[in-house]
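Me: Could you pick one helix in this one and give me a close look at how it packs? I'd like to know which side faces in and what sits against it.

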Amino acid sequence: MKIDPRHLRYLRAIDTHGTFIRAAEAEGISQPALTNKIGILEQQLGVTLIERGRFGACLNAYGKLLLRHARAIDAVLGQAVSEIELAQQGQSGPLIIGATPISMIELIPKALETLDKQNASLRVSVIEEYDDLLLDKLHAGEVDVMIGGLLVDQLTPDVVADPLISLPLEAVVGRSSALWDRNEVSLAELLEHSWALPASGSVIRSYVDAIFVAAGESMTNQYWTCTGLHGLKSMIRKTERVSLMPGHAFRIEAKAGELKGLRLTDPTSSRKLNLLRLKHIQLPPYADLFIDALHAAAEDHVWV
């Protein structure tokens, strides 16, 4: 079965505009013609893709599945155009990297430092987001590779995970904390204090939760949350609240004497960072250079 790529573009237009009429206008075809094109696509696949109602049209589960591939086709074609334009200018790329906040502290910058010395003419774009959003972009072909903390059992079969580093979690406190002069602390002692935690549902929060489970302790109910790593560190720095995060995440603040890591006397968990890419996509040579530099930086793992 051969699907016309234009039909996928029409599907995406319906998702974007919400009605067949507006989607047809955006694509420069008549509404009956658009309806016919979508009908052909549904007939080819043997499933309904769109739910039609009084207030518009929306993609169902099958439509959303196909939409991901429509986005991927657009991304591939867009990148092909960019590669040709850059080649005409004597440059290579673009290399589009999906990066989680913790990977942008030192790991990716260290790899980019090496890459820049090897190929200064390479166009690089870094998209910093959280794991779930980056994984969606990876599936859609909107990033070439991503560096994140998703575990292997959280991934679909089309994604290859290459382990990079494992970062043990520590207790972290600010100067105003009563624990500042300590070098180690138990989870039970930490529970006597108010907390600042990563937002529920985030990958780093899952590692924090795992520590409570392993210790047989209930999660504290005296806590604030923050969706951003920078904001979370600021909370700890400006208050007496405590948290758990990899020492790597606050290395700069620790060097400045603003935050301090305390070794946990209880069993801890580690924030794992993996390089993720799509199994069926052949990466260009300049992406391989970045991957090699990334592995070298991970193996060094003593960043200045």
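Reply: Here's a walk around one helix, then on to a residue in a strand that helps cover it. Quick housekeeping: this is a predicted model, where local features need pLDDT of at least 70 and side-chain atom pairs 80 or more, while totals for chains, interfaces and linings use all residues. Numbering starts from 1 along each chain as its sequence is written, and side-chain values use heavy atoms, leaving out hydrogens and water.

The part I'd go for is H9, residues 229–238. Helices here are DSSP runs of H or I with at least four residues, strands are E runs of at least two, and both are numbered from the N terminus. In H9, Leu-229, Leu-232, Lys-233 and Ile-236 are buried (under 20% relative accessible area; exposed is over 50%, partly exposed in between, with a 1.4 Å probe and protein chains only). Look down the H9 axis and these buried residues fit within an arc of 95° (taken from the axis-to-C-beta directions), so they line one face. That's a familiar pattern: an α-helix has 3.6 residues a turn, so residues three or four places apart point the same way. On the face of H9 turned away from the buried side sit the exposed His-230 and Lys-238.

What covers the buried side? The cover includes strands S6 (159–174), S8 (195–198), S9 (223–226) and S10 (243–246), helix H10 (251–255) and S11. Follow S11 (259–264) and you reach Leu-262, which is buried at 0% relative accessible area. Leaving out residues up to four places away in sequence, Leu-262 touches (heavy atoms within 4.5 Å) Glu-170, Ala-171, Val-173, Leu-179, Arg-182, Asn-183, Glu-184 and Val-185. Leu-179 is 83 residues from Leu-262 in sequence, yet their C-alphas are 8.7 Å apart.
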